[in-house]
Amino acid sequence: MFDKLYRKEEIFGTTPSPIVVVAMKELKKKWNGNKILNVLDLGAGQGRNAAFLAKNGCMITCVDSSEIAIKYLRENFPDDCKIIHCKIEDFEDKSTYDMIVSTATLHFLKREQIFLTFNRIKDMLKAGGIVCITMFIDDRGIKTGELKNAFCDFDILLYEEEIITDPGHPGAPEPHKHQVARLIAQK
Ligand SMILES: C[S@@+](CC[C@H](N)C(=O)[O-])C[C@H]1O[C@@H](n2cnc3c(N)ncnc32)[C@H](O)[C@@H]1O
């Protein structure tokens, strides 16, 4: 599905998701801007968030299952970014991260895999590390309150749920609504 969409240039734009900008500020508060921060982007797409994070001095690992997105990232990102072509469900890594972001992606996983991924995020984060997630919570894997609840052992810095109107896109061209949840939390 995404391979087809990504044949058009930068379909999600080049500006970062606003919540990632907020999360980066939180991360900088914690680390005082003094060291290179290790950040994982799950479902990086064409890297609009990763590009912003790299500009802010982070070392990025991008994971995505779309061959076209990965090709785009490999062509457009510096050599020191780690770009991994695999499903989030199959991603294996012994690294630990200062921040893990995932925007508009985790709702594509099955419910059980979503919760497994939340647990893996918790394990992969360093103490004091930040998780930043946006995902749909409507007719998909998880329901209202469940994202916040999954991270109730973290310090919740931001949590909101909202119904947004999507003007339409290839595959669903008519305007439609989604319920979205947004979370920033600190381990
Ligand atoms: C809506 S896009 C969002 C991309 C990016 N996070 C952004 O906000 O611009 C969803 C991305 O998740 C990827 N994706 C969907 N399911 C995935 C999975 N199970 N494992 C890895 N990537 C996945 C798609 O290939 C796509 O690039």
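Let me begin with one pair of residues: Asp 41 has Val 101, in strand E4, as its bridge partner. That pair belongs to a parallel pairing in which strand E1, residues 37-42, and strand E4 are joined over 3 bridges. Before I go further, please keep in mind that what we are looking at is a predicted model, and that residues are numbered from 1 along the chain as its sequence is written.

Let me step back to the whole protein for a moment. Its secondary structure comes to 6 helices and 7 strands, and, if you follow the chain from the N terminus, the elements run α-α-β-α-β-α-β-β-α-β-α-β-β. The C-alpha atoms fill a box of roughly 45 × 40 × 30 Å when it is taken along the principal axes. For 187 residues a compact globule would have a radius of gyration near 16 Å, and because the protein has 16 Å, the two agree. Of those 187 residues, 35% count as buried. As for how the chain meets itself, if we take the contacts between residues at least 6 apart in sequence, 65% of them join residues at least 24 apart.

Now back to E4, and to how it is placed among the other strands. Residues 97-103 make up strand E4, and 6 bridges join it to strand E5, residues 125-136, with the two strands running parallel. Within that pairing, Met 99 has Ile 130 of E5 as its bridge partner. Between the two strands in the chain comes helix H5, residues 111-124, and E4, H5 and E5 together make a right-handed β-α-β unit. E5 in turn pairs with strand E7, residues 176-186, this time in the antiparallel sense and over 7 bridges, and here Ile 133 stands opposite Leu 183 in E7.

Is E4 mostly covered or mostly open? It is mostly covered, since 7 of its 7 residues are buried. Take Ser 102, which lies in strand E4, as an example: it has 25 C-beta neighbours inside 10 Å and therefore counts as buried. Leaving aside the neighbours within four places in sequence, Ser 102 is in contact with Leu 42, Gly 43 and Ile 133. By way of contrast in the other direction, the C-alpha atoms of Ser 102 and Asn 76, which are 26 residues apart along the chain, are separated by 20 Å.

In the loop between E4 and H5 we find Ala 104, whose phi is near 55°, a positive value in a residue other than glycine. Ala 104 has 17 C-beta neighbours inside 10 Å, so it counts as partly exposed.

Another loop, the one between E1 and H3, holds Ala 44. Why does Ala 44 count as buried? It does so because 30 C-beta neighbours lie inside 10 Å. Not counting residues up to four places away in sequence, Ala 44 touches Asn 49, Ala 50, Cys 62, Val 63, Asp 64 and Leu 73. The C-alpha atoms of Ala 44 and Thr 103 are separated by 7.9 Å, although these residues are 59 apart along the chain.

Val 63, which I just named among the residues that Ala 44 touches, takes us to another pair of strands. Val 63 stands opposite Ile 84 in E3, and 4 bridges join E2 to strand E3, residues 82-85, in a parallel arrangement. To get from E2 to E3 the chain crosses through helix H4, residues 67-76, and this β-α-β crossover is right-handed.

Finally, let me turn to the ligand. How many residues surround it? There are 21, and the closest are Phe 2, Gly 43, Gly 45, Ser 66 and Phe 108. Helix H3, residues 48-55, and strand E2, residues 58-64, are the elements that give two or more residues to this shell. By character, the residues of the shell divide into 9 nonpolar, 8 polar and 4 charged. One of the closest residues, Gly 43, has already appeared in this talk, as a contact of Ser 102, and that is a good place to start looking when you turn to the structure yourselves.

Key. This is a predicted model: local features need pLDDT of at least 70, side-chain atom pairs count only at pLDDT 80 or more; totals for chains, interfaces and linings use all residues. A residue is near a molecule or strand if its C-beta atom, placed from the backbone, lies within 6 Å of it. Ala, Val, Leu, Ile, Met, Phe, Trp, Tyr, Cys and Pro count as nonpolar, Asp, Glu, Lys and Arg as charged, and the others, Gly among them, as polar. The radius of gyration is taken over C-alpha atoms; the globule rule is 2.2 Å times the number of residues to the power 0.38. A residue is buried if 20 or more other C-beta atoms lie within 10 Å of its own, exposed if 12 or fewer, and partly exposed in between; C-beta atoms are placed from the backbone. Two residues are in contact if their C-beta atoms, placed from the backbone, lie within 7 Å. Two strands pair if DSSP finds at least two bridges between them. A crossover is right-handed if, with the strands pointing away from the viewer, the path from the first strand over the helix to the second runs clockwise.
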